[in-house]
Amino acid sequence: MSGAMGMDDWAAKEFGGAKLGDGRLTNRLIKIASAFAERPTASIPGACSGWVETQAAYRFFDQASEKKQGLGWEDLLTPHLECTMARMRQHRVVLCLQDTTELDFNGQQIEGLGPLSYEAQRGLYLHPTYVVTPDREPLGILDAWIWAREFKDADGNRPGILESTRWIEGYERVAEAAATMPGTRLVYVADREADILGLMQRAHALETPADWMVRSKHNRCLPEGGKLWAKVRSGEALGEIEFLLPARGKEAARPVRQKLFARRVELPDGQGGLLPVTCVIAQEIGAPKGVKPIEWRLLTNREADRLEAVAELIDWYRARWEIEIFFNVLKNGCRVEALQLGHIDKIELALAVYMVVAWRLAHLVRLGRTHPDLSACELFSEEEWKGAYLLAEKEPPSTPPTLREMIRQIAMLGGFLGRKCDGEPGVKTLWLGFARLRDFVRGVEFMRSIDAK
């Protein structure tokens, strides 16, 4: 149907602008991205259609070699970063989530890997900036660090750049993006590892073009004496908020009620001056027996002295969980730790592709929840939305379904039961359903080509 993007066209949009020195390589990149998205849980041979396509994919990743094109992961990801920024400009506020994850390739023969948390482990680290709206709609990747640690020397010291630099440089990239979109407020959001003075100093030196908010790890001393957290809690609470904490792992979803405190303070900047910050403490009250109460302590440059403003900051911090979902999709959905490409440079190229695939899967799941009444035609072709019903042995509706109906239909193909008690489908059943639907649509297209001869 006219206007429908279809399941293949997204890859051309996100990767089509890649400048790889040869147009054939760009076309191959688009095909690889489409194949990986259709079968994210499969190995590279399993995702590709036959041995010829598999060989072509391996030849593409060989282009990481300096003897060939010397491609880096940045070359592949650049057009997606530009698409992400275009999507960001359509919103008044966007949250730039940062975190680090280990990718464990222990036991595989891959050159260039480094130690992980345990010195005997082998792998690399990924630190992306993942952008979402306050409603948690994923917009894409804005920036990334990919690196392998160097091995400790004879004295037990680890050479190389300080890894804490990634948090500061991550903010700098967000600040650079903020300068190009004056109509959008960018908010840098990170967990406790980002609670470093260097980040606050750098943001202050740049005159804070992007807001920042980190979970407080250090109970700092105040210039006038006393400790930060006790100072904040010594004032009157601004009020209370309630929200539903989603299920995580073996922990069931449960309602949470928190009392909010906030205070504007000045912290020593380590250079003889003071840094003005707002400290927010969200303290759970009435937690179930045997459950550790949830308490968050946040630091931000933003001023917030009213309940509504502080509650908004808590909502923004809670959205940080979206980057954990992204990592889960990348590791367990796309199974990137099972990649067998022989060299870290090739692994990095594949990671660039899979990061965009993981974003797209998470984006579709969220769209089905935030824009349930959107027509499925906006994201799927007529063959695709009708095929989802035919595969389930149902007669397709006479008019296109809504996006929510389409997402649920695809998820049912992947094992989602769709009962009232099941809630909304997750990413796993969606990607399994996608694989079945794509195979079905391709089979129909092939049969049509035979009939046309």
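Two strands count as paired if DSSP finds at least two bridges between them. Helices (H or I, at least four residues) and strands (E, at least two) are DSSP runs, numbered from the N terminus. The model is predicted: local features need pLDDT of at least 70, side-chain atom pairs count only at pLDDT 80 or more, and totals for chains, interfaces and linings use all residues. Residues are numbered from 1 along each chain as its sequence is written, and side-chain values use heavy atoms, with hydrogens and water left out.

**Exercise 1.** Describe the hairpin of strand 9 and strand 10, then follow strand 10 to strand 11.

Step 1. Strand 9 (residues 254–268) runs antiparallel to strand 10, and 11 bridges join them. Arg-263 stands opposite Cys-279 in strand 10.

Step 2. Five residues lie between the two strands of this hairpin, and Gly-270 has a positive phi near 80°.

Step 3. Strand 10 is also joined to strand 11 by six bridges, again in the antiparallel sense. Here Ile-281 has Arg-297 of strand 11 as its bridge partner.

Step 4. Eight of the 11 residues of strand 10 (residues 274–284) are buried, so the strand is largely enclosed by the rest of the structure. Buried means under 20% relative accessible area, exposed over 50%, and partly exposed in between (1.4 Å probe, protein chains only).

**Exercise 2.** Work out how strand 4 and strand 5 are arranged, and whether strand 5 is enclosed.

Step 1. Strand 4 (residues 122–132) pairs with strand 5 in the antiparallel sense over eight bridges. Val-131 stands opposite Gly-140 in strand 5.

Step 2. The two strands form a hairpin with five residues between them, and Arg-136 in the turn has a positive phi of about 75°.

Step 3. In strand 5 (residues 138–147), 10 of the 10 residues are buried, so this strand is largely enclosed by the rest of the structure.

**Exercise 3.** Check the length of helix 2 against its expected span, and state how far the helix is covered.

Step 1. The expected span is 1.5 Å times one less than the number of residues.

Step 2. The 16 residues of helix 2 (residues 23–38) should therefore span 22 Å; the end C-alpha atoms are 23 Å apart, which agrees.

Step 3. Helix 2 is mostly covered, with 12 of its 16 residues buried. Among them are Leu-25, Arg-28, Ile-32, Phe-36 and Glu-38.
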